[in-house]
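Hi everyone, thanks for making time for this. I'd like to walk you through a structure, so have a look at the sequence and the model first.

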Amino acid sequence: MSFPQEIQVGVVIMSLNCKISGLNGRLLTSSKMRKANKPLRGFNNGWKWKRLVLFVLVLLVAVGFGLSWFSGVFRKKMEITGTSEDNSLELVKQFNVSKDLLHELASSSFEPDQITTSKCTKQLGNEMSTKHEISCSLNKPDHEQNVEMLGQCPIHDGKAPSVRSSSINGTLAREHNGIIKGCMWALFVLVVCSPISCLWINRKAKMKKKEHAQSVSRSAGRWMKKLLVLFVLTGVTLSIWLFWYLNEGIQLRRKETLASMCDERARMLQDQFNVSMNHVHALAILVSTFYHGKQPPAIDQKTFGEYTERTSFERPLTTGVSYALRVRHFEREKFEKEHGWTIKKMETEDQDQTLAQDCDPQNLDPSPIQDEYAPVILSQETVSHIVSIDMMSGKEDRGNILRARASGKGVLTSPFKLLKSNHLGVVLTFAVYSTHLPQDATPEQRIKATVGYLGASYDVPSLVEKLLHQLASKQTIVVNVYDTTNISAAIKMYGPDEIDTGLLRINSLDFGDPTRKHEMHCRFKQRPPPPWTAILASGGVLTITFLLGHIFYAAINRIAAVERDYRKMMALKHRAEAADVAKSQFLATVSHEIRTPMNGVLGMLQMLMDTNLDVKQLDFAQTAHASGKVLIKLINEVLDQAKIESGRLELEAVPFELHTILDDVLSSFSTKSQEKGIELAVYVSNHLPEVVVGDPARFKKIITNLVANSLKFTHDRGHIFVSVHLADEVTRENDMKDDILKKILNGSKSNLARDTLSGLPVVDRKKSWENFKKLRGEDSINESEKIKILVTVEDTGVGIPISAQSRIFMPFMQADSSPSRTYGGTGIGLSISKRLVGLMDGEIGFVSEPGTGSTFSFTVVFMRKETRSLDTVLQQNHQAILEFRGLRALVIDPKDIRVEVTRYHLQRMGISVEITSNFDSAQSYLSASNSSGFAAILVDQEVWDQENENGLAFLRGLKSSTKLFLLANSVSSKIQDEIKSANLVATFVEKPLRLSVLISCFQKTLPVGNNRVVATRKQSNLGNLLRGKRILVVDDNIVNRRVAEGALKKYGAIVTCVNSGKAAVEKLKPPHSFHACFMDLQMPEVDGFEATRQIRRIESVVNEQIKSGEVSTETYGKVGHWHTPILAMTADVIRARDEECIKCGMDGYVSKPFEEEQLYSAAACFFESG
Amino acid sequence: MAAVSQLQRQFIDYTTSLYNEGYLDDQFTQLQQLQDESNPDFVVEVVSLFFEDSEKLLNNLATALQQKSVDYNQVDSHVHQFKGSSSSIGAKQVTNVCIHFRNFCEAKNLDGCLRCLQQLRHEYILVRTKLEALFRLEQQILQAGGSVPVME
């Protein structure tokens, strides 16, 4: 009895193990998938943070997908639930089996037999161990499941089975989630990557934009479009792949579901069948033990019927069991006698209806004579009618019996129709042996030992029906069972007609009879629904792809449009700029055109004033003249501004003297400053070279503008102080060589009032240049030839309001631009100054404090000129300077800066200077040193005002060789009277101090050299300048020629005329006797420029020859260096760009028709020096 | 002497009217100032030179503008000459027309050029008659034994 039990337990364990490993396998797969996802997630994490917005987008997509997935997953869950329910049911079954066993044993123990009981106990122990094994193996997979399984204890107690399988569901759901996640991440990567690529495109486009290359950007656009198409194609491919992938997954899962369900059913059927078979086997052993093993037999029909009836629950599949005794022919009579009935033959025509219930054995014929009979002697109540029927007489049964006794195992008949139920059935037959045979007994031994046969009939359809009924989801699948012993003609044992619904699962069934083969076919009842999940997912991807594609397409179009607009804007900008230049040019031209008639107006007014006019008329005329002058000045400024703006103003590069320029500026403002009572002074650092190369007129213009500005805003007191230094001097703070700079800069630190020119407080001038960028960064390479000059104009005026300081350099902007403003002017001066400074490679800045004053500073860059061979106006003073060289002077002035200014001017004249602060110390100076040493004593008016008594006394004590000079802003009659009344002599020097004034004063007063009047050349007229000079006039226009000739002749020149450039070149071939040439610019054939160039070329050749000694100077009229001054004559001043004239070798130009002033200044340049 | 002074007054009036009406400008005054004992007929000489030159230029211009393909460079140089000489003697209106003429020339506007030539001729003849009248007046004064008054 233990033998089959063990087999059964083994089967149970195996099936469980199989299941668990299946579960494990699933778990493994899902965890693998999760692992596979990990790196993907990690990769995306970085992007996720960067693209938070996109994440939100993805989230939205995810939500959409979650919804669509939900239904799918839910449905899946249902299926899975079904499957797991089946599983649990099977478990329940297994437990029930054990329970049945116990029951059986219990029934067995009715029989009073100790051995059986002990066996049963042993069996029980086995049973317990089996259970233990079950729980152990269930413990393995998962804690949760363990809990579930613990909950199965009541099942063991025989209560209704109810097993939930949520944990299994969970696992499966997780697997699904894994797939979903995979899809999500794929989508996410796609979504993230595409904007990045888009950004990249944008950046590329931006770079392209920077390059301004139209064609490149266009190709970039094309490139972007290609990329876009690629992107869309990728998206479409991805969505197709996704569809395929998901669909495949669904198919696979469906298949798996079917397989598992089918397996389960098959196994269950098989198990049930086997269980029944075992019971039949057990019954056979029972019969062998109690029927044959006892004498007399312990079992009779009654006992057997009752026992089998009571244990029929163990064989739920059998309709009935019976036992047929083996009766050989020679035993028949004895047997029939013993039992009181004859052995009956089975009806041949009802061969297939064995065990039919209503078959009355009484009606049957006795069995014909045969070797052996197998009359049924014992039977279950349900089949008691077959008692006495010879089983060997039925064809199927006979075959069965023979096979059963030969093999010792249960054998099955092929299915045939059972009579009563009209169902297909099979009969299971076991042989009962008289002795306990070993496992390896031969068929002969077995046949010999056979004493009887135990048969059981199975109703297959009801069996299967019952079985399947217990399982869940019987609605979803269709099960067919076939007997396939004969493969070509399989016999259907159960199930409806097969309808093809796609998937088919075939499981072979083993009912313990190796000669018979059975199969189970499973199908889904319905065809698979469309794979909505896959469709939705791929549809989503497709939609997103197209959406993104559309967005990018729009973006690309937008970029292209913007680029197009940008190009358009650029073109418009260029046009606007061109228009601006044109405007400036127009302004320049118009200004010039206005200037011409204005000159007429002014000239006429001048002439009018020279006529006999009464006072009133003269006043009117003067006013008109002054207004005209203001107007022409304004026009000139506008012209300048316009010229600078239109880029037509180019700087000259001629040598000039800085000191002279500053003196000129002072001269032009001297009257005004004297009127206003403002002290005006200039100081030039002696570190500066005397001569630099640059544009003197523009330089002067800048300073003039600044000084005029200062003068305008300074009232009645204070000073305007112009100082010029090297930019380097200011930057080298530790090593300041210049005294005045030291005083100013240190003074501004200590803020002492006496450290300024007039004693009034000033602003810190350092601040005015602290924003200069290039003040310090002078490169050493250019230092040798370039020189950077810092000019500072300091005033004690009203200052500039803070609010207006930012727009002070804007043209036509004034600090106070209200109609009721105090100060006039156009506000163009500073703007021009700034532009000029810019042209001169410098910077301008200012510092201003309302109430204190302003300081303007600017730097300009000039070229150094090493040699001093300069023909400037200064040279007219040269004589005078020589006259005073070596003299000594004493300056009495307590103010440091003022005294430095005075010293600067005197030093320029070659006079050495001593300084003292008052008359007393001066007295001691005089007595200490050689008194005859001082040729002049210079006293500031301020000192005289303070101690005039001392002054008079001091003056009285002076020797006749020493003269006293009073430096005063204006000649004060009070002091004059004072001195006169004391019968003394003192000379007044009017401030602002400048070289010319000092020289003239000194010349008048000091008895040095000859007292001839020097420097009267300025008054000399054109007649003196041109008299006797031979001048060549070149003009193709006869009238012009005649006029020029007449004009020049009037000034005493000897004029020769030629009418073409060619003739002029001929005439001016060295040697010639012309002093100068006036040349028309516009001439046919050879114009003025070309002629000049040719002349210069010839001259340079000649000069070379003379220099190298090839020809003697005698050949060329004893002139060592040929350079005939050539002046251009032009009617059109604005068109005559003087630099063009200079470039081709001309020395200057005069306007046509001649204007006396201009002609003089032009001619003076080269005649005076000669 | 009364006749002389009358002539002189007539001369002054006439000259002033010439200035006022814009036929002459400052340059003519300068020209007159250049005339002195050493150079007694300077003004007449220069002006006659101008007349000769102008006749020639006007003819040249007329021919140049009648060509099938007008050489504007040539026309321009003629006009430039004309402008130079007219401005030298102070024939202001002629100069102004010349400036216009050159603008048309630059624009290669044949109609404008022809119109300007017409105008130029007109202005030239006008200034010529005016100046001839002036010189006649001057001659009359000199013949009458008076001196030509100097204009300021």
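So, let's start with chain B: what percentage of its 152 residues count as buried? The figure is 48%, where buried means under 20% relative accessible area, exposed means over 50%, and partly exposed is in between, with a 1.4 Å probe and protein chains only.

Quick housekeeping before I go on. This is a predicted model, so local features need pLDDT of at least 70 and side-chain atom pairs count only at pLDDT 80 or more, while totals for chains, interfaces and linings use all residues. Residues are numbered from 1 along each chain as its sequence is written, chains are lettered from A and ligands numbered from 1 in the order in which they are written, and side-chain values use heavy atoms, with hydrogens and water left out.

Okay, back to chain B. It has six helices and zero strands, and from the N terminus on you just read α-α-α-α-α-α. Helices here are DSSP runs of H or I with at least four residues, strands are runs of E with at least two, and both are numbered from the N terminus. If you take the contacts in chain B with a separation of 6 or more, 67% are between residues 24 or more positions apart; contact means heavy atoms within 4.5 Å. Chain B exposes about 7900 Å², and carbon and sulfur atoms supply 48% of that. Those areas come from the Shrake-Rupley method with a 1.4 Å probe, and for residues only the protein chains shown count as cover.

Now zoom in on helix H4 of chain B, residues 72-89. How far apart should its ends be? At 1.5 Å a residue, the 18 residues should span 26 Å, and the end C-alpha atoms are 26 Å apart, so that agrees. The expected span is 1.5 Å times one less than the number of residues. Of those 18 residues, 14 are buried, so H4(B) is largely enclosed by the rest of the structure.

Both ends are worth a look. Asp71(B) caps the N-terminal end, with a side-chain oxygen 3.2 Å from the backbone nitrogen of Asn73(B). After the helix comes Gly90(B), which has a positive phi, near 85 degrees.

There are two histidines in this helix I want to show you. His80(B) sits in H4 of chain B, and an unreviewed UniProt entry annotates it as "modified residue: Phosphohistidine". Bear in mind that UniProt positions are given in the numbering used here, feature names are shortened, and annotations may be inferred rather than shown by experiment. Which residues does His80(B) contact, leaving aside neighbours within four places in sequence? Gln1082(A) and Arg102(B). His78(B) is in H4 of chain B too. At 12% relative accessibility, His78(B) counts as buried, and not counting residues up to four places away, it touches Leu57(B), Asn60(B) and Leu61(B).

Over to chain A. We have 1170 residues, of which 48% are buried, and the chain has 33 helices and 31 strands. Among its contacts with a separation of 6 or more, 74% are between residues 24 or more positions apart. Chain A exposes about 57800 Å², with carbon and sulfur atoms supplying 57%.

Next, cysteines. How many disulfides does the structure hold over all chains? One, taking a disulfide as a pair of cysteine sulfur atoms within 2.5 Å. The partners are Cys262(A) and Cys522(A), with their sulfur atoms 2.2 Å apart. The link is right-handed, with 80 degrees about the S-S bond. Cys262(A) lies in helix H7 and Cys522(A) in strand S14 of chain A, so the pair ties together parts that are 260 residues apart in sequence. Cys262(A) is buried at 0% relative accessible area, and Cys522(A) is buried at 0% as well.

What about Cys105(B) and its closest cysteine sulfur? That one belongs to Cys113(B), 4.4 Å away, which is too far for a bond. Cys105(B) is buried, at 3% relative accessibility.

Last stop: Asn274(A), also in helix H7 of chain A. Asn274(A) is partly exposed, at 21%. Its C-alpha is 8.6 Å from that of Asp510(A), though the two are 236 residues apart along the chain. Leaving aside neighbours within four places, Asn274(A) contacts Asp510(A), Phe511(A) and Gly512(A).

That's my tour, so over to you.

Technical notes:
Polar contact = N/O pair within 3.5 Å; in protein donor to acceptor, adjacent residues only side chain to side chain.
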